[in-house]
Amino acid sequence: ELARRIGKSRCWTVVYPDGCKDINDVLTRFGPESVRSVIANAKPFPIHGLFGADNYFAEVNDKYHNGTGRGLSTGLNALDEIYTVKPGQLTVVTGWPSHGKSNLVDQICVNMAMKYDWRFLMASFENPPAEHVIKLAEIFMDKPFYNGLTPRLSEENLKVAMDWIKDHFLFLDVSNGGTGLDSIIQRAQAAVSRMGIRGLILDPYNYIETDKIGSETENINSMLTKVNGFAKGNDVHTWFVAHPAKAQREGMELPVPDGMSISGSMAWWAKSDCGLTVYRQTDNVLVKTWKMRWRSVGKLGRAFLDYNAVTGRYADCAVQQININY
């Protein structure tokens, strides 16, 4: 955790003599010269390099006997069957406007903050921070914020929610600019150091200013490479929300989009670790996974969730549908 926050290049590791739990034990049991020896023999924290296979035998052996382990729960049982959250990965979320993709990401963040004490940086360009706090408070308390809706959040409810949100969420305010990708990553890096964030939300991608290095495909590929580098270098799971291109309707129905439907580039499919589609139906919301790089994290499939439009809150459907058309 120290290396993640202050930089691997600044960290060294030491090995204490048998029976010593810290450097003070070394001092009291073996004296100052042993302390000097322990520090003098510290090894640089590994960053990059080439290693023999034997360097990974312990990890391979552990996976053989204990399994790879799934990612962390989203807090939605039906969704956990096809998608879990691993630190350092990139999830791309797509879906038609107003189908609830941003709300689903918010719900996952609230659930993980409650269950695992994760902290998040919200770069939500379509939501002013105050409005985003309101949405998170509604999900957290499962009550509407605005007057005229019942049962409305009480002032005491709101204080509890805001105190909790303060401890778990930072907000990137871009009302005065600052939507360049390098600037966003720089501030996200600061949020890792300052607050120890474990999640970053970029919503939606078309607000982000990137280097104009060539074609749209090249720009998107470069952008996703940088975001992936930040996520993996800091063990921060990153959710990237991206709208699909203009729809070709199938009769009166909108098709269910996937990574190939996102405007701009196939890089969305290639560079993501996980891909989700959120598709609102008449009586529930379909969540479809179209990319899953690691079998331990999830699988290609679909889940059905109930959605409360008053509070923006998701919940498991009582009955999961089976529909081969999806």
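Colleague: What percentage of the residues in the protein chain is buried?

Modeller: It's 44% of the 326 residues. Keep in mind that this is a predicted model. A residue goes into that group when its relative accessible area is under 20%.

Colleague: Why is helix H6 called largely enclosed by the rest of the structure?

Modeller: Because 12 of its 16 residues are buried. Among them are Leu104, Val105, Ile108, Val110 and Met112, but also Lys101, Asp106 and Gln107.

Colleague: What makes the span of H6 close to the expected one?

Modeller: Helix H6 runs over residues 101-116 and reaches 22 Å from its first C-alpha to its last. At 1.5 Å a residue you'd expect 22 Å. Right after H6 comes aspartate 117, with a positive phi near 65 degrees.

Colleague: Why is the pair of aspartate 25 and lysine 21 called a salt bridge?

Modeller: The cut-off is 4 Å between a side-chain nitrogen of Lys or Arg and a carboxyl oxygen of Asp or Glu. For aspartate 25 and lysine 21, the closest N and O atoms are 3.7 Å apart, so the pair qualifies.

Colleague: And which of the terms buried or exposed fits aspartate 25?

Modeller: Buried: aspartate 25 has 16% relative accessibility, and the limit is under 20%. Lysine 21 comes out at 64% and counts as exposed, since that term asks for over 50%.

Colleague: How do you know that lysine 159 and aspartate 163 are separated by about one helical turn?

Modeller: They're 4 residues apart in helix H8, residues 155-168. Their side chains meet in a salt bridge at 3.0 Å, N to O. Lysine 159 is exposed at 53%, whereas aspartate 163 is partly exposed at 33%.

Colleague: What is the distance between the closest N and O atoms of arginine 293 and aspartate 273?

Modeller: That salt bridge has them 2.8 Å apart. Arginine 293 sits in the loop between strands S9 and S10, and aspartate 273 in the loop between helix H11 and strand S8, so the pair ties together parts that are 20 residues apart in sequence.

Colleague: Why is arginine 293 called partly exposed?

Modeller: Its relative accessibility is 36%, and partly exposed covers what lies between the 20% and 50% limits. Aspartate 273, at 3%, counts as buried.

Colleague: How many salt bridges does the structure hold?

Modeller: There are 9. Glu1, Arg4 and Arg5 are linked in a network of them.

How values were computed
Residues are numbered from 1 along each chain as its sequence is written. This is a predicted model: local features need pLDDT of at least 70, side-chain atom pairs count only at pLDDT 80 or more; totals for chains, interfaces and linings use all residues. Side-chain values use heavy atoms; hydrogens and water are left out. Buried means under 20% relative accessible area, exposed over 50%, partly exposed in between (1.4 Å probe, protein chains only). Helices (H or I, at least four residues) and strands (E, at least two) are DSSP runs, numbered from the N terminus. The expected span of a helix is 1.5 Å times one less than its number of residues.
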